[in-house]
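Student: I've got a structure open and I'd like to learn how to read its features. Can we take them one at a time?

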Amino acid sequence: MRFKPYNTAFQPAKLRAGGALLLRGLFLCALLIVPESQLFANNATGIFSGKPYEPTDLDLTLPADSSNQLPELGDASQTVLSLRDEEKIAHQILKQVATDADVFDDAEVTDYLQALGTRLGASSPDREQKFYFFVVQDKSINAFAMPGGVIGVHTGLFMVANSESELASVLGHEIGHVTQHHLARMLASQKYDLFKNIAATALALLVARSNPQVGMGAMTAVSAAGIQKQLDYTREHEREADRVGLTILQDAGFDVRAMPAFFTTMQRATRFSDGNMPSYLRTHPLTSERIADIGNRVQNLPYKQVNESLAFFLMRAKIRAFQGAPQQMVEEFQNNISEGRFQNELAEHYGLAYAWLRVNQPQKAQTEIDWLVKHGMSNPYLVTLQGLTLAKLGQIAQAQSRFMQGVQQYPQHRALAQGEAELLIRSNQWASAVSFIQKALETFPEDPKLYGWLADAYQGQDKQMLRHQALGESYVRKYDLPRAIEQFEIASKAKDGDFYLQSKVEARLKALRLQLKLEQGDDKND
């Protein structure tokens, strides 16, 4: 059996422009869209030098309004979108995210971003707010927040950030939009009718990635009456999000000077394209006033030495390895290494190894792994890479052993559990797969892939009730209650379960039906 790496979402996807980018621009929390080519073109000029931030790097001219005033969280927004409303919207969005082909579906990258965002969220004004982070395969430099704490980050933003603090500064900004309830406040001021409109708007943002015309139609239908007014409010929201984000950045222990420095970098890049920038982007520009406001605030903050995060550089390199033409990426990593053009040498070799795997050259990937080991790299990211490379080499038993050792050494690293689970499934080791996945689900109970593979393992054992039960749980974790209920209905009619399992399936089915009924009832009352 020929083994395929489990992170199949790394296959290059056709990036869609036009309608998708327009929708992001209209959404209040879009940060900035900058051509990637312009940012990388500035690499040689020192903009991405990685040197410590200096006051001379920043325009610190005081803005006209340097107020520290922020809105109260318990304002009129709560009468427009309740916390329950926002949670429902978040689940609708996450259901779309779970099936969007352009979402960068990699456990390591996603978990890294989620951990970084959770760290920042713990320092936010609303520490009870849940945040859900995901990565969009898109070269534009952008991030966006949606109701319910759902935050998307483009791969392009990862690739141009010089440090974890710079990436964190953008996440802090988006968290600021969420915790200040900007969208709900904006709707409250317009007295919109509300929940369904904003839910549809948020979903249209994602639908447009696979069908821009449908997405544009959805956006027009739900927002034509008030888009300009929404954009007018965005200017103040951007300033508020900057200030909240800066406080979050400081409290979470990051380098606060990264925020104005990164904003300055992006502003310089836009000078080459601003003449062609659509007017909707000008309604929330990255202005000198915003940069000066943040720059002046950080001047009065104490300097804090922040250790560079190796995980950030590794994840950025992994993302880069799966952009563009496969052979082109191999050559890019090789040239960077030979010419010394990198911020972290370990990460550059790590990215090259993944690029070699992408062109189906596992022997050369193994050479890079040997270099990493020789130079002292020892972490779960390396173990995942080792397991995938061994599997690509056809050494399935060795790959399974490496993944299993990794799970024991790094039990919280989800990608290792996923790698072992898929290998067991692909080698038809049904009993071992069931045993392993059941234990893994104790650590990662919300992972839909593990439930999907558990269903495959039960199918291999011809256990239909257990199979459909596992599939149902997988759909629950994809926020798709109708399909989850369908699977549990099939499971309840299977004849191969004992009384205890039958009772468990029926109880779960009853609970899911009630949950769906409550959600649909809420919709009817909106």
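Tutor: Sure. Let's begin with an aromatic cluster: Phe 322, Tyr 350 and Tyr 354 form one here. Keep in mind that this is a predicted model.

Student: How far apart are the ring centres of Tyr 350 and Tyr 354, and at what angle are their planes?

Tutor: For any ring pair, look at the centre distance and then the angle between planes; over 60 degrees counts as edge-to-face. In this case the centres of Tyr 350 and Tyr 354 are 5.3 Å apart and the planes sit at 75 degrees, so we call the pair edge-to-face. Both tyrosines are buried, too.

Student: Where do Tyr 350 and Tyr 354 sit in the chain?

Tutor: They're in helix 16, which covers residues 345–358. Being 4 residues apart there, they are separated by about one helical turn.

Student: How many aromatic pairs does the structure hold?

Tutor: There are 6. One of them is Phe 312 with Phe 313: their ring centres are 5.1 Å apart with planes at 70 degrees, so that pair is edge-to-face.

Student: Are Phe 312 and Phe 313 buried or exposed?

Tutor: To judge that, check the relative accessible area; under 20% counts as buried. Phe 312 comes out at 0%, so it is buried. Phe 313 has 5%, so it is buried as well.

Student: Which residues have the most contacts inside the largest nonpolar core?

Tutor: That core has 115 residues, and the ones with the most contacts inside it are Tyr 112, Leu 120, Leu 167, Tyr 350 and Ile 437. Helix 16 supplies its largest share, 9 residues. There's also a second, separate core of 12 residues, including Ile 93, Leu 94, Val 97 and Val 150.

Student: What is Leu 167 in contact with?

Tutor: Leave aside its neighbours within four places in sequence, and Leu 167 contacts Tyr 112, Leu 116, Val 153, Leu 157, Phe 158, Ala 161 and Phe 312.

Student: What about a charged side chain? Where is Arg 243 found, and is it buried or exposed?

Tutor: Arg 243 is in helix 10, residues 227–251. Its relative accessible area is 6%, so Arg 243 is buried. For a residue like that, look for a polar partner: the Arg 243 side chain makes a polar contact with the side chain of Asp 293 at 2.9 Å.

Student: And zooming out, what does the protein chain contain?

Tutor: It has 25 helices and 3 strands. Of its 526 residues, 56% count as buried. Its accessible surface is about 22,600 Å², with 51% belonging to carbon and sulfur atoms.

Key. Residues numbered from 1 in each chain as written. Predicted model: local features only at pLDDT ≥ 70, side-chain atom pairs only at ≥ 80, totals over all residues. Heavy atoms only, no water. Phe/Tyr/Trp six-rings, centres within 6.5 Å; stacked < 30°, edge-to-face > 60°. Buried < 20%, exposed > 50% of the residue type's maximum accessible area, 1.4 Å probe, protein only. Helix = DSSP H or I, 4+ residues; strand = E, 2+ residues; numbered from the N terminus. Areas by Shrake-Rupley, 256 points an atom, 1.4 Å probe, with all protein chains shown as cover. Polar contact = N/O pair within 3.5 Å; in protein donor to acceptor, adjacent residues only side chain to side chain. Core = buried A, V, L, I, M, F, W, Y, C linked by side-chain atoms within 4.5 Å. Contact = heavy atoms within 4.5 Å.
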